[in-house]
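Hi everyone, thanks for making time this morning. I'd like to walk you through a structure, so please have the viewer open while I talk.

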Amino acid sequence: MAMAQIRSLLVASAAAVLVSACGADEIASPGTGGNITINNPTTTSGGSTGGTTTGGTTTTLVTPAAGCPTIADPQQLKDDGTITGPTGTWRVCSLPARINASITLPKIAGLLYQLPGRVDVGTDLGAVTAAGAPAAVTLTIAPGAIVYGGTGVSWLAVNRGNRINATGTATAPIIFTSRDNILGLNTDQSSGQWGGVVLMGRAPITDCRVAGSTPGTAACDRQTEGAADPALYGGASPTDNSGTMKYVQIRYSGYVLSGNSELQSLTPSGVGSGTTLEYIQSHNSSDDGVEYFGGVTKTKYLVVTGAEDDGVDTDVGLKGTFQYVMAIQRGGSNIGDSSIEVDTTNTLVENTPRQNTKIANFTFLQRSTSGSNGVAMRIRGGADYSLINGLLDSPGLPCVRIDDPETIRAANPALDEAGPVVFASVNMSCAATDPIRGGNGNTNAQIVSLFNGGPNNNATFVFSLSGVFTNGANETSRTAVNPQTYDAGFDVTNYVGAVKDAADTWYRGWTCDSVTATFNTTASLCTSLPTT
């Protein structure tokens, strides 16, 4: 995984901020020492009042809530004063470093919730809860609430045995974002300003932390990538439930936490099938848009915009399905690696459970012309993978590379081997000679034969997308397959791509807009905040 460049922010005063950053206009939050607070007179209630008028249009400004709500945890929220940006002045309520009782963060006008550093939801209850262990904890976040990382190393860690209930709505999504976003310092190129959200579950994984542990068992766990302190995941419970994330935006994440590793917007790690992951947008992560480490998951309605590494990254034995997926890169030679990166080539490729991931109804708009993978979709490490009813536009890079003989060999139940990579109704436009490639023991001819052997595939497709990602006439004319032929958990669809036509608006209302893609009919910029 590529490490994004480290950015720095120098705060000159509470009213003037000078920013120095590496890369393409990237801005980062360095720590709570730079928080800008303005202690306005206390109001009796928070809300949106007053405003400024520009060109005949009045912009309503937020006024701060009177104080922080009481929560069920003995360690209460800390009132950290106020913070002011272009949307107004907000009350800042900081979460405790560890949440030890189930709590709810209500939506209150004029109030933001701050992650002052790493915030743990409960303690790690292990692969199996032991007698006398602390009670499980659930963090509930109300629709429309905004949670921000107050420092570069802020992140939310939902520990094994505990849950998150972040259930927004199509009109009131929950937003996780950065301090710079609150201050109005971000541009469409900003990224890497806080850690992200990590869900740690008890479902099976491979590539165990302790040598000699049996993969897929309670003895096999791993440390969260980028975490300096213990943050373990893995177990033997495929149906484990880490909670719900639905109608959620995660903006400007991916800060380096330790060594050469960093988090991305969302990292489900050893998460089980009881977990609900739907209607999630990852915006401008300086690492992957999302990265899944093992587990058994079902993800629907996923939007990745502007990720600086891979759009979707899957590893260490994931048994997962994804349906209705958009991954759209910002563009530029140094921004973005692959649309998907699958597993790694290592000595543990025969670990079981073997990865078996299936993606249906996807639109991948590959805009990078470089990157460590050098290809839009790289699949390796003996992973089983299925790509169904998809679109991939990659004008600057080859489309597909599949490494390792183990990745394309015949099915073998004794090895938990489902067979070669599956392509079904996949339509691609690719750069370069040999747009479909082998590697590390696989020939180009083998992979070309694999692709051409699937139903309705086209490697010389001409795109006619409307409004960046909506199917046009050429996409509509392509023959689709029934995704349920490949996995019973998929919805039945009769089209390729993530967005069928102009009437298909599943992405609208709960997403934010940027130069990368516009999803909404009214202003909903990722660089700003909702004020209601």
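Let me start with a definition: helices here are DSSP runs of H or I with at least four residues, strands are runs of E with at least two, and both are numbered from the N terminus. Counted that way, the protein chain has 3 helices and 34 strands. Please keep in mind that this is a predicted model.

A few overall figures first. Of the 532 residues in the protein chain, 57% are buried. If you take the contacts between residues at least 6 apart in sequence, 71% of them join residues at least 24 apart. The accessible surface comes to about 18200 Å², and carbon and sulfur atoms account for 52% of that.

Now to the strands. Which order do they take in the sheet? There are 11 strands in an open sheet, and the order reads β7-β10-β13-β16-β22-β24-β26-β28-β30-β32-β34, with parallel pairing. At the edges sit β7, residues 98-99, and β34, residues 436-439, each of which pairs on one side only. On the β7 side, 2 bridges join that strand to β10, residues 118-121, and the two run parallel. If you want a spot to click on, I99 stands opposite V121 in β10. Over at the other edge, helix α2, residues 444-452, packs on the sheet and touches β32 (400-403) and β34. The direction of α2 makes about 130 degrees with that of β34.

Next, the interior. The largest nonpolar core has 67 residues, and I141, F176, M245 and L387 are the ones with the most contacts inside it. What does F176 touch, once we leave aside its neighbours within four places in sequence? Its contacts include I141, V147, L156, I164, W194 and M245, along with Q249 and R251. There is also a second, separate core of 17 residues, which includes I328, Y495, W506 and W510.

Two of those names come back when we turn to aromatics. W506 and W510 belong to one aromatic cluster together with Y247, Y279, Y301, Y324, F469, Y507 and F519. In total the structure holds 15 aromatic pairs. One of them is Y279 with Y301, a stacked pair at 4.3 Å centre to centre and 10 degrees between the planes. Y279 lies in strand β23 (residues 276-283) and Y301 in strand β25 (residues 296-305), so this pair ties together parts that are 22 residues apart in sequence. Both tyrosines, Y279 and Y301, are buried.

Let me finish with two small residues. Where is S425? You'll find S425 in strand β33, residues 422-430. Is S425 buried or exposed? S425 is buried, because its relative accessible area is 0% and the cut-off for buried is under 20%. Beyond its neighbours within four places in sequence, S425 is in contact with N389, G390, P455, N456, N457, T479, A480, V481 and V496.

G419 sits in the loop between β32 and β33. This glycine, G419, is buried too, with a relative accessible area of 2%. Again setting aside neighbours within four places, G419 is in contact with D384, T407, R409, A410 and A411. Try drawing a line from G419 to N356 as well: they are 63 residues apart in sequence and 9.8 Å apart in space, C-alpha to C-alpha.

That's my tour, and thanks for listening!

Key
Residues are numbered from 1 along each chain as its sequence is written. This is a predicted model: local features need pLDDT of at least 70, side-chain atom pairs count only at pLDDT 80 or more; totals for chains, interfaces and linings use all residues. Side-chain values use heavy atoms; hydrogens and water are left out. Rings of Phe, Tyr and Trp (its six-membered ring) pair if their centres lie within 6.5 Å; planes under 30 degrees apart count as stacked, over 60 as edge-to-face and the rest as tilted. Buried means under 20% relative accessible area, exposed over 50%, partly exposed in between (1.4 Å probe, protein chains only). A nonpolar core is a set of buried Ala, Val, Leu, Ile, Met, Phe, Trp, Tyr and Cys residues joined through side-chain atoms within 4.5 Å. Contact means heavy atoms within 4.5 Å. Two strands pair if DSSP finds at least two bridges between them. Axes are lines fitted to C-alpha atoms, for helices over the stretch in contact, and angles run from 0 to 180 degrees between N-to-C directions. Accessible areas come from the Shrake-Rupley method with a 1.4 Å probe; for residues, only the protein chains shown count as cover.
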